Amino acid sequence: MTMRVTSLASGSSGNALLVQTGETNLLVDCGISQRAIERHLRHMGLHPSDLHAILLTHEHGDHVLSAGPLARRYGLPVIANGPTIAALGDALDRVDVLMIGSDDALRIGGCAVQSFAVPHDAAAPIGYTIRANGWCVGVAIDLGSWHDGVINGLADTDLVVVEANHDREKLRIAPYTWPIKQRIFSPLGHLDNIATGELLARLGTDGRTRTAWLAHLSERANSPQIAIKMVQSVLALESVSRMNLHALPRNAPLTWESDRHMAQLELFS
């Protein structure tokens, strides 16, 4: 059975990712308006009540904007860890909240969900892997650095969605205050293109064919062209060739399907 992943939005203005397995529909983050979520789902032939859960990576507004209202209106459970739930406070009032640890597993319908900790300046940010029908998608946004726990969390992925927030030099001259730049540059801020390339190169040492979506690109300190070029240069230096790169558009859907990935595997075989 096909596994389908669609990015509905990616960036500092909002993030939302839909994972479909044929029998289960999961929304990872809900950082755009409820109306936008409803519109995207309608265009895909879904009603919000078709969702089985909303998974939250952390409490920042560009990831949780409409999670509470959407969950309340359609009776959807929200899944997050304890510190994230506490940080959101009454935003999740009258919502069915399911708690997951920062290194924990649970099953939702036909999907096996695993969480792992990531370094970011939130209460207890996490990434997720979602497995179904022999396929695995991994989500690691936002994070300011990476460690072996992140690599281990993403090791089995066929599709990895990872932040490539900024180009270092463009950020230095971007029209942000110095404290904001320091936050972004910090190990608890956001990954730059080179660090993202190094993360993907480390993943790619296993020779597995993957699709990598570069997410959360800064509008002022990055571009899709720069992100792809810089990440590709790092992968080339590390002789990693079986990585299919895409920079996620800010407000337009992009879809990955396991059937197309299978065709890609056959090309490499």
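In this predicted model, the structure holds one cavity of 30 Å³ or more. The volume of the largest cavity comes to about 70 Å³. Its lining is made up of S7, A9, S10, N15, A16, L17, V28, D29, V139, I141, V161 and L248. Three strands are well represented here, since strand 1, strand 2 and strand 3 each supply at least two residues of this lining.

Open space is found in pockets as well. The largest pocket holds about 230 Å³ of space and is lined by 14 residues. Of these, S12, N165, I184, H190 and H216 lie nearest the centre of the pocket. Helix 7, spanning residues 178-185, gives the most to the pocket lining, with three residues.

The strands that help to line the cavity also belong to a sheet. Strands 1, 2 and 3 are among the seven strands of an open sheet, which has the order 6-5-4-3-2-1-14 and mixed pairing. At the edges stand strand 6 (97-99) and strand 14 (254-257); each has a single partner strand, so one side of each is left without a neighbour in the sheet. From one strand to the next, the twist averages 25°. Within this sheet, five bridges pair strand 1 with strand 2 in the antiparallel sense. One of the residue pairs can be picked out by name: A9 has A16, in strand 2, as its bridge partner. Both A9 and A16 appear again in the lining of the largest cavity, which ties this pairing back to the enclosed space described at the outset.

Helix 1 comes next. This helix covers residues 34-43, and its buried residues are Q34, A36, I37, E38, H40 and L41. A helical repeat helps in reading such a list: an α-helix has 3.6 residues a turn, so residues three or four places apart point the same way. The cover over the buried residues of helix 1 includes strand 1 (4-9), strand 2 (16-20) and strand 3 (25-30), together with helix 3 (67-74). Just after helix 1, G45 adopts a positive phi of about 75°.

Strand 3 also offers a polar residue to look at in detail. N25 is found in this strand and is buried, because its relative accessible area of 10% falls under the 20% cut-off. A polar atom of the N25 side chain lies 3.1 Å from the backbone oxygen of D50. Leaving aside neighbours within four places in sequence, the contacts of N25 are V19, Q20, L46, D50, L51, H52 and A53. D50 thus figures both in the contact list of N25 and as the owner of the backbone oxygen facing the N25 side chain at 3.1 Å.

Further along the chain, strands 7, 8 and 9 provide another set of pairings. Strand 7 (residues 105-108) and strand 8 (residues 111-117) run antiparallel and are joined by four bridges. Across this pairing, R107 stands opposite A112 in strand 8. The hairpin formed by strand 7 and strand 8 has two residues between the strands, and G109 takes a positive phi near 55° there. Strand 8 is also joined to strand 9 (residues 126-132), again in an antiparallel arrangement, through six bridges. In this second pairing, Q114 has T129 of strand 9 as its bridge partner.

Note on methods: Residues are numbered from 1 along each chain as its sequence is written. This is a predicted model: local features need pLDDT of at least 70, side-chain atom pairs count only at pLDDT 80 or more; totals for chains, interfaces and linings use all residues. Side-chain values use heavy atoms; hydrogens and water are left out. Buried means under 20% relative accessible area, exposed over 50%, partly exposed in between (1.4 Å probe, protein chains only). Contact means heavy atoms within 4.5 Å. A polar contact is a pair of N or O atoms within 3.5 Å; within protein, one must be able to donate a hydrogen and the other to accept it, and residues adjacent in sequence count only if both atoms are side-chain atoms. Two strands pair if DSSP finds at least two bridges between them. Axes are lines fitted to C-alpha atoms, for helices over the stretch in contact, and angles run from 0 to 180 degrees between N-to-C directions. On a 1 Å grid over the protein atoms alone, a cavity is a set of points where a 1.4 Å probe fits but cannot get out, and a pocket is an open set with protein on both sides within 12 Å along at least five of seven lines; lining residues have an atom within 4 Å of a point. Grid points are joined across faces, edges and corners, and a volume is the space filled by probe spheres set on the points.
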